[in-house]
Amino acid sequence: MQQLIEQNKTTGFPLPDNESERQMAVEKYNILDTLPEEEFDSLVELAAIITESPMSQMNLLDHHRQWTKSAYGLESGEERSRSEAICTYTIMGNENLEIQDLTQDDRFKNASYVEGDPFLKYYGGYPLRTEKGLNLGALCVLDTKPKELSKTQKKALKTIANEIVSRLEIRRTQQKLEKLNREKDQFLRAVNHDIKSPLNGIISSTHYLQNFWEGDRDELNSILSMIEVSGRKLVNYTSELVSNSLENGESSLILDEVQVDELIIDLIHIYTPLAKAKQIDIITEFDTPGLFKLDDEKFKLIMSNLISNALKFSSSGDVITVKAEILETDNRMLYCSVSDTGLGIPQEFIPTLFTKNKKHQRKGTQGEISTGLGLPIVKQFVELHNGGVKVETKDNQGTTFYIAIPEQH
């Protein structure tokens with residue numbers, strides 16, 4: 001109690017014993033000086049209606065001020081010194097604080113809001129108390145005439161105050177999840193861009209050297225086989241990582257304006273050595289004028305998987321055709337297709353082709369490893385763009401994948 005008296009002499013207003021912890025909790029909710037939010041506005045209005053009060057507020061107590069997050073009958077976003085705020089006294093306890101006539105209370109009878117607009121007479125407040133016993137602020141109802149709340153009204157005020165704290169907890173959890181999702185997306189982009197593409201280049205180069213190297217074949221093949229196996233393991237690992245991440249949380253789009261044909265050509269360059277080694281031609285047909293807005297990293301992963309699959313299941317003399325076209329409709333649409341004249345896909349695979357399924361793990365024409373994860377990722381990212389994907393295939397005659405993506409806004 002002596003400590004509290006000393007603090008009053010310094011600050012001019014009472015301080016809870018756990019003021020430092022309380023203040024840290026207020027800051028952790030990251031809500032001070034934010035815009036109005038409907039879920040809090042509705043609860044504050046409900047408090048006024050239930051208590052038959054013309055005004056109500058959701059107030060948070062900062063270091064030296066009271067800030068109003070939501071208000072009914074008054075303006076939100078207002079602030080006043082804690083030395084002038086009635087809620088300063090509400091957070092000193094754990095129950096309802098009621099002042100039936102402010103003009104008869106020596107602490108507040110000369111306050112500007114009592115002597116002047118809005119000429120308050122009544123205050124009823126309940127602390128916004130966390131599970132750890134920290135009072136962040138108060139829910140209060142106000143009136144221009146003296147009165148007394150019934151037991152039922154006081155109980156309702158407590159219930160609404162507790163609901164506000166619950167909403168604050170949910171809001172804080174959502175912010176944490178959004179941050180984790182952003183960090184996850186950045187990590188996946190790093191994995192895809194900084195690891196997977198270079199590794200595909202390494203794998204393609206080893207195929208090229210194995211077919212055209214004129215030196216010591218045994219030594220070369222031994223070294224290149226080791227590099228290739230290691231590279232494929234890492235590529236499969238990154239695919240598994242992406243797949244698991246998608247299953248554990250919803251991804252989101254990060255939009256960029258891109259030149260579609262240039263982006264696809266850059267991908268094809270990565271796979272050109274492998275195509276040469278397998279003696280497969282890659283043909284392109286583009287009609288993609290101007291820039292197109294989408295998530296370029298996810299689009300590259302879509303096309304990379306489709307091109308990689310086409311190469312994997314094609315043999316010497318086969319042809320892969322990559323097409324892209326932008327149609328100027330009410331909402332611009334991007335249509336892409338990747339066709340091959342290779343092995344085709346067994347018909348029994350088609351119903352579950354875009355789901356993670358071990359049955360889809362087939363070896364390519366030169367024993368390339370397939371995890372069965374690429375097409376589920378393709379479908380996930382296409383649908384994230386509100387687009388669609390379909391496949392046409394015939395055994396030993398080839399496969400064509402079609403994707404359609406609307407321009408993002």
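Helix α9 (residues 296-312) packs against helix α10 (residues 374-384) at an angle of about 145°, their axes 9 Å apart. Helices (H or I, at least four residues) and strands (E, at least two) are DSSP runs numbered from the N terminus. Axes are lines fitted to C-alpha atoms, for helices over the stretch in contact, and angles run from 0 to 180 degrees between N-to-C directions. The model is predicted: local features need pLDDT of at least 70, side-chain atom pairs count only at pLDDT 80 or more, and totals for chains, interfaces and linings use all residues. Residues are numbered from 1 along each chain as its sequence is written, and side-chain values use heavy atoms, with hydrogens and water left out.

The crossing of α9 with α10 is left-handed. A crossing is left-handed if the near helix is turned anticlockwise from the far one by less than a right angle, and right-handed if clockwise. On the α9 side, K298, L301, I302, N305, L306 and N309 take part. They meet G374, L375, I377, V378, F381, V382 and L384 of α10. Contact means heavy atoms within 4.5 Å. By class, this contact has 9 nonpolar, 3 polar and 1 charged residues. Ala, Val, Leu, Ile, Met, Phe, Trp, Tyr, Cys and Pro count as nonpolar, Asp, Glu, Lys and Arg as charged, and the others, Gly among them, as polar. The buried residues of α10 are G374, L375, P376, I377, V378, F381 and V382. Buried means under 20% relative accessible area, exposed over 50%, and partly exposed in between (1.4 Å probe, protein chains only). After α10 comes N386, with a positive phi near 65°.

Helix α9 also packs with α8, at an angle of about 35° and with the axes 10 Å apart. This crossing is right-handed. From α8, the contact draws on V260, L263, I264, L267, I268, Y271, L274 and A275. From α9, it draws on D296, F299, K300, M303, S304, I307, S308 and L311. The contact of α8 with α9 divides into 12 nonpolar, 2 polar and 2 charged residues. Helix α8 (residues 260-277) further lies across β8, β10 (319-327) and β11 (333-340). It runs at about 180° to β8.

These three strands belong to an open sheet of 5 strands with mixed pairing, in the order β8-β10-β11-β13-β12. Two strands pair if DSSP finds at least two bridges between them. β8 (281-287) and β12 stand at the edges with a single partner strand each, so one side of each has no neighbour in the sheet. Neighbouring strands are turned by 10° against each other on average, direction ignored.

Strand β12 (residues 388-394) pairs with β13 (residues 398-406) in the antiparallel sense over 7 bridges. The two strands form a hairpin with 3 residues between them. In its turn, N396 has a positive phi of about 65°. Side chains alternate along β12. V389, V391 and T393 point to one face and are buried, whereas G388, K390, E392 and K394 point to the other and are not. V389 stands opposite I403, and V391 stands opposite F401.

L334 lies in strand β11. Its relative accessible area is 1%, so it is buried. L334 touches V260, T288, F292, L294, F299, E325, I326, I403, A404 and I405, residues up to four places away in sequence not being counted. L334 and F292 are 42 residues apart in sequence, with their C-alpha atoms 8.2 Å apart.

A second open sheet holds 6 strands in the order β3-β2-β1-β6-β5-β4, with antiparallel pairing. Its edge strands, β3 (79-81) and β4 (97-99), each pair on one side only. Neighbouring strands of this sheet are turned by 25° against each other on average, direction ignored. Helix α2 (residues 19-28) packs on the sheet, touching β1 (55-61) and β6 (135-143), and its direction makes about 80° with that of β6. Helix α3 (residues 38-50) also packs there, touching β1, β2 and β6, at about 80° to β2. Strand β2 (residues 65-72) pairs with β3 in the antiparallel sense over 3 bridges. Q66 has R80 in β3 as its bridge partner.

Overall, the chain comprises 10 helices and 13 strands. Of its 409 residues, 48% are buried. Among contacts with a separation of 6 or more, 67% join residues 24 or more positions apart.
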